[in-house]
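User: Could you take a close look at one part of this structure for me, the place where the two chains meet? I am in my first year, so please explain each term as you go.

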Amino acid sequence: MVGLFVRLKLRLIRGNLHGDTIKQLGFVFTSLAALACAIVGFTLFALLRLADPGIAADIGIVAFTVFTIAWIFVPLLAFGLDETLDPSRLALFPLTTRQMATGLFAASAAGPWPLASLIVLAGAVAGLASGPGGVLVGVVAVVLQFSLCLVASRAVTTALSASLRSRRGRDALAVGAVLVILLFQLPGLLANQGFSGDPAEMVDAAASVLRWAPPGMAAHAIVDGGIAGLGELVIVALTVAVLAWLWIVALRRALVTPDSSSQSGGSVRRSRLGGLLPRGMLGAVVAKELKYARREPRGRVVWFTSVAVTGVLMLSLRGPDGWSGPAFVIGPACLAAMMIGMQAANAYGIDGRSLWMNAVAFATERDVRTDLAGRHLAVAIIAVPLLLVLSVVSSVVAGEPVWAVPAVLSAWGVLGVGLGVGAVTSVILPYTFPDRLNAFSGAAPGQGGEAFLGSFGAMLGTSVIALPVFLPVLFGLTWASALAVPYGFLAAWGGRRLGGMIGNNRLPDILAAVSRPT
Amino acid sequence: MVEGKPEAVRTQGLFKRFGQQIAVAGVDLIVPRGSFAGLVGPNGAGKTTTLSMVTGLLRPDAGVIEINGHGVWSDPVKVKSRIGVLPEGLRLFERLSGRELLLYNGQLRGIPRDEVERRADELLRVMDLVEAQDKLVVDYSTGMRKKIGLAAALLHNPDVLFLDEPFEGVDPVSANTLVEVLQRYTASGSTVVFSSHVMDLVERLCDWVSVMSRGNIVAQGPIDSIRRGRTLNEAFLDLVGVRGGGEEGLSWLGSSSV
């Protein structure tokens, strides 16, 4: 059964790559990234050998805990990393839940990222173990810790899978994502507020608590290497067993619970906004995009995150050795603008399979350009006031309300550049957003690489193109921010022209790229 | 068919390959103006691929497609404003209400907003969707989705309407509504091309049939010339060739086996 599931997973990965050069490149890229992470992680862990043994143990304990938490949350939040089999597709096969659980466990362990995690964890043996006993215990500890990560992650995603599929669940997850990001920022924020000066002390304090949690025990067992270590490993193993049992229970329930995504909802109010928008195609696109920003959870995530991240950044930059000067206000505002601009990097993704409706109507370059302009206008209608508020708030926090002016001007400029670049990446590197934001389906299987390249390219492009106005402002020439808005307009206009030109010829290809089954 | 005027749809040597697999292998589809045409064929015959290419949603590898004498890929401006499409599956803007979907579609086609609203109201009434008009499409049933899709395809009063499996998964009441609307539409001289598995329906509605099998058109013409005295279903099975014998193999299947 194990071999069958692993082969199925590998076959799925290979099948997705079949006959598509871009996807193959994307997969190679992902694999290389995983390999790099594995090597760097392993080396960092191994280097702990050079540190003071006490501190090394503390760091090991904290790292193992963070690793486990990351394994639980990242598959829930990230797209494109996790392409594990969806148990609901296997529901009709005559498999016992136990068989299915073992099989799915093996399948989740196969793939570049799980293997990379295993290698990184193995680094702990190299870095922490003392003597042959330590190595022996260490190998077992690493395997147990790896199983713990997998089982915990599977148990949580399976338990949540039913609610993750309902419309409400997805909305909740969208907000949850932001909360988790905030949570991860908390230690940094506290540190910045001057609660504790010495990082070693903080790690020690954290480790003394986390040491008693299973991941901490696994790490501690490697250091100990003796009878006590073995005892700790037994506890970790028991934890894995309990989690596995919970997972099986959740799995058994998930397989017979009806899919709540098809429950019907109520009516929507008719919008009165339509009268204010421009008439014709432009207005229609703007109205549709604004509705999607409100009704589509995937649309909402971006807005929530960009505001939350800016807030976090603002707070963490404050403090004794934070940034000073106008950059403190301008930086976060521009970052927010950049993040908002990023959602335009795959403008057609949110339409997905329904994009055909545009494709059968669009006959000229001008139509495609108008469509892009409508999308840009819709983003701007939300983003322009939002950035204004963010800039004013952060300048008030900084105690220099005047800085709001250069900040908001630069942010608007960056937004324009981001939209312009996004118009081009949208037509060159379109990809399918998953239909359901759940842990089992990625950014449409096999398109993770394209998603990464698209957003990375958009980010890089935006940064490079925004640099000529942004740099002088950051270095104190605040008057240069006056140029940012016209510059942004120009960039957005240029991006739309280029995007329209390329997009008009590529409409069938874009349609195919965003209509992948997920 | 009006003499001297080009056909509603004419393709020549239409070809499409996906990787190793040839989906459409040189299709010469002809549909005369004003006909109610059925495109029939077994699963995987290339019906959907053909319709996607004819409507400009999929780029053909080779071949020419003309609608009312204009090339789909060489003259999209003339073609796209004159065709209506209901593609396979139920791909619609899920987060719009049915009414919003019609308004969006109409404005995308450049129809003034007041006119779009008037037409949308009428279409919603005819399709029996008035009660559901302010619900999100994501909550619609299959029949409702097909109806709102057809309404969107009709909104700009196209000359030629392409429907991919319009009756698949539709309840009899909704199907009846769809049929009535389509018959009214063709009675005015417009053309409908639809693909279907349901031979009885094709036989009842269509005056022109094109039969596809394994990426090729194996027969096409007025329905009587295809049937030649048989039922359409018999004619169809003869044309595509019934594969494999039902008698050999499967000896274990059924309650008489031990």
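Analyst: Across the interface of chain B and chain A, the rule finds 8 residue pairs in polar contact, both residues at pLDDT 80 or more; a polar contact is a pair of N or O atoms within 3.5 Å, where within protein one must be able to donate a hydrogen and the other to accept it, and residues adjacent in sequence count only if both atoms are side-chain atoms. This is a predicted model, in which local features need pLDDT of at least 70 and side-chain atom pairs count only at pLDDT 80 or more, while totals for chains, interfaces and linings use all residues. Residues are numbered from 1 along each chain as its sequence is written, chains are lettered from A and ligands numbered from 1 in the order in which they are written, and side-chain values use heavy atoms, leaving out hydrogens and water.

The rule also finds 2 salt bridges across this interface, a salt bridge being a side-chain nitrogen of Lys or Arg within 4 Å of a carboxyl oxygen of Asp or Glu. Arg59(B) forms a salt bridge with Asp509(A), their closest N and O atoms being 2.8 Å apart.

The contact (heavy atoms within 4.5 Å) takes 35 residues from chain B and 38 residues from chain A. Arg91(B), Phe93(B) and Arg95(B) lose the most area to chain A in chain B, together 23% of what that side buries. The area buried between the chains is about 3500 Å², of which carbon and sulfur atoms give 57%; buried area is the accessible area (1.4 Å probe) that two parts lose on being put together, summed over both.
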